Amino acid sequence: MHWRKSSYSGESDQHNCVELARTPDTVLLRESDEPETVIATTPAALRALTRAARAGRFDHLSR
């Protein structure tokens, strides 16, 4: 399986980031510093999550 690193992450191994991989029906996500923990979702659900985050729908959670 090929894991793709976020383009916002640095190139060194010191930079932890979210990594993605595709299967025919799912998108897999993991944190590079904890690669044994993997979350599976659908492409549509991931798109909805990223749209909501970009729109600021989760900003109030950090307050």
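Hi everyone, this is a short look at the fold, the largest pocket and a surface patch of a predicted model.

Some ground rules: residues are numbered from 1 along each chain as its sequence is written, and side-chain values use heavy atoms, without hydrogens and water. Because the model is predicted, local features need pLDDT of at least 70 and side-chain atom pairs count only at pLDDT 80 or more, while totals for chains, interfaces and linings use all residues.

Let's start with the fold. The protein chain has four strands and one helix, and from the N terminus on they run β-β-β-β-α. Helices here are DSSP runs of H or I with at least four residues, and strands are runs of E with at least two.

Now the pocket. A pocket is an open set of points on a 1 Å grid where a 1.4 Å probe fits, with protein on both sides within 12 Å along at least five of seven lines; lining residues have an atom within 4 Å of a point. The largest one holds about 410 Å³ of space. Its lining has 13 residues, and Ser6, Ser7, Tyr8, Leu20 and Thr50 lie nearest the centre. Strand 1 (4–5), strand 2 (18–22) and helix 1 each give two or more residues to that lining. Helix 1 has the largest share, with four residues.

And what about Leu61, buried or exposed? Leu61 counts as exposed because its relative accessibility is 60%, and exposed means over 50% with a 1.4 Å probe, protein chains only. You'll find Leu61 in the segment after helix 1 (43–54). Thanks, everyone!

Conventions. Buried < 20%, exposed > 50% of the residue type's maximum accessible area, 1.4 Å probe, protein only. Points joined across faces, edges and corners; volume = space filled by probe spheres on them.
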